[in-house]
Amino acid sequence: MSNLELNKEIEEVVAPPKTAVGFIGWMKQNLFSSWFNTILTIISAMLVYYIATGSIKWIFFEAEWRVVTENFRVLMVGRYPVDEIWRIWAGITFSSVLLGLAWGLWRGSATVIALFFAGVYFVSSMMPFIANSSKMWLWGNILLILATFLVGRKLTTFKKAKMWTIIGWTILVPLFVLLLNGLGFMKPVPTSLWGGFLLTLLIALISIVVSFPFGILLALGRKSNLPVVKWGCIIYIEFIRGVPLITLLFVAQFVLPLFLGASIDLDNVLRAMIGFTMFSAAYLAENIRGGLQSIPNGQYEAAQAVGLNKAKVMAFVVMPQALRAVIPAMVGQFIGIFKDTSLVTMVGLSDILNSGKSIVANIKYLGLHMEVYVFIAFVFFLFCYLMSYTSRRLEKSLGVGER
């Protein structure tokens, strides 16, 4: 046999043998293979049946969801003025345009994210308690996602299309925040009126986006040969990791203004974002440092052998591989930050959890706290699962753990 034939034979993927036991056989092998497994299976099935039937009965027949439908706006945007809610819709519309373009230009994970938001908009527009004006915005956003998807497909050959889309994503959050605040020429809306899921999402997004470059700098600083830089980064990382997040939030709210003096007045929401960013950057730095340590020295030596200086070696060879290796850890950190935003309740900010607590404190909704908390948990689950699923798609497309 020639070497070519041998290689072809090796490259052939041998399919696993087909099982002939069927579903009944599989159950016998895996669920009722012994008396102990049989008892365990029966107890588990009874437990699942009890929980499932109880949950379905409560969700569809016993729960009074009017507490959510009547306070949906408060849960979503807090006390943001009704007349200015168009600013929120304008920001969402801009994000829909970018989602559609990203879907058309990149496909892959962008497809999942675009379809997820289009699905959320569609389901929300079908809810009877949603105002007609909001339904028009929702349908407009669905159509925009589809239209810009088609535009994105046409622009795949246009070299600068991806660059402009990335620039759009870069300015989305700061532009959205400025728009919410009035852009300097419209009626300002103080952050004390921002609340609900809007505030939760803003704190999480800004903390994640800002902490990412800080995390990279801290990770690089910890590996620096300069003792001042190295030990400065080590002290910062270890100190922040040794302090609970809630303590950092209290420090950002009450101690930070004392250091800044009376001339600098930071907003309460901005202080919370600073606390989250400091916390997230320290943990991200350690995740990224783990990725840097996983890169073999041969990569550094090979890059330097072709004439790259240290900065280019790190930027174009080492860091991309290190970040790819720690995607699961980083996404886990981002999900943790998103869920931890509920801690801002402790420092007086009205996020979605605090908005829910204020609703159930109303005597009109006495005893309906479970419905509110289940709805809040469902919202958190939706977005956390989206991040987790997108991460898995990204890992698969980049071949994490495969090569």
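## Salt bridges

In this predicted model, the side chains of R87 and E84 meet in a salt bridge with an N to O distance of 3.0 Å. R87 has a relative accessibility of 1% and counts as buried. Its partner E84 also counts as buried, at 14% relative accessibility. The salt bridges in the model come to nine by the rule applied.

A second pair is R222 with E286, where the closest N and O atoms are 2.9 Å apart. This pair links distant parts of the chain: R222 belongs to helix 10 (residues 196–222) and E286 to helix 13 (residues 268–293), with their positions 64 residues apart. Both R222 and E286 are buried.

## A salt-bridge network

R241 and E238 form a salt bridge at 3.9 Å, N to O. The two residues sit in helix 11 (residues 227–241), three residues apart, which is about one turn of the helix. R241 has a relative accessible area of 34%, so it is partly exposed, because the buried class ends under 20% and the exposed class begins over 50%. E238 is likewise partly exposed, with a relative accessible area of 37%.

Which residues are linked with R222 in a network of salt bridges? They are E238, R241, E286 and R289. Within this network, the pair R222 and E286 is buried, whereas R241 is partly exposed and E238 is partly exposed.

## Overall fold

The chain contains 18 helices and zero strands. Its C-alpha trace spans about 85 × 65 × 50 Å along the principal axes. Of its 403 residues, 38% count as buried. Among contacts in the chain with a separation of 6 or more, 73% come from residues 24 or more positions apart.

## Domains and their interface

The chain is divided into domain 1 (80–189) and domain 2 (194–402). The contact between them takes 14 residues from domain 1 and twelve residues from domain 2. The C-alpha centres of domain 1 and domain 2 are 24 Å apart.

The size of an interface is often given as the accessible area lost when the parts come together. For domain 1 and domain 2 the buried area is about 1200 Å², and carbon and sulfur atoms give 86% of it. On the side of domain 1 that touches domain 2, the elements that give two or more residues are helix 7 (109–125) and helix 9 (159–181). By class, this side of domain 1 has eleven nonpolar, three polar and no charged residues.

How many salt bridges does the rule find across the interface of domain 1 and domain 2? The count is zero. For polar contact across the interface of domain 1 and domain 2, the rule finds one residue pair, with both residues at pLDDT 80 or more.

## Two residues of helix 18

T390 is found in helix 18. Is T390 buried or exposed? T390 counts as buried because its relative accessibility is 16%, and the cut-off is under 20%. Not counting residues up to four places away in sequence, T390 touches S109 and I113.

L394 also lies in helix 18 (residues 369–398). With a relative accessible area of 37%, L394 is partly exposed. Leaving aside neighbours within four places in sequence, L394 is in contact with S109 and I327. The C-alpha atoms of L394 and G108 are separated by 8.2 Å, although the two residues are 286 residues apart along the chain. S109 is thus listed as a contact of L394 and of T390.

Notes: Residues are numbered from 1 along each chain as its sequence is written. This is a predicted model: local features need pLDDT of at least 70, side-chain atom pairs count only at pLDDT 80 or more; totals for chains, interfaces and linings use all residues. Side-chain values use heavy atoms; hydrogens and water are left out. Domain bounds come from an automatic or database domain assignment. Contact means heavy atoms within 4.5 Å. Buried area is the accessible area (1.4 Å probe) that two parts lose on being put together, summed over both. A salt bridge is a side-chain nitrogen of Lys or Arg within 4 Å of a carboxyl oxygen of Asp or Glu. A polar contact is a pair of N or O atoms within 3.5 Å; within protein, one must be able to donate a hydrogen and the other to accept it, and residues adjacent in sequence count only if both atoms are side-chain atoms. Helices (H or I, at least four residues) and strands (E, at least two) are DSSP runs, numbered from the N terminus. Ala, Val, Leu, Ile, Met, Phe, Trp, Tyr, Cys and Pro count as nonpolar, Asp, Glu, Lys and Arg as charged, and the others, Gly among them, as polar. Buried means under 20% relative accessible area, exposed over 50%, partly exposed in between (1.4 Å probe, protein chains only).
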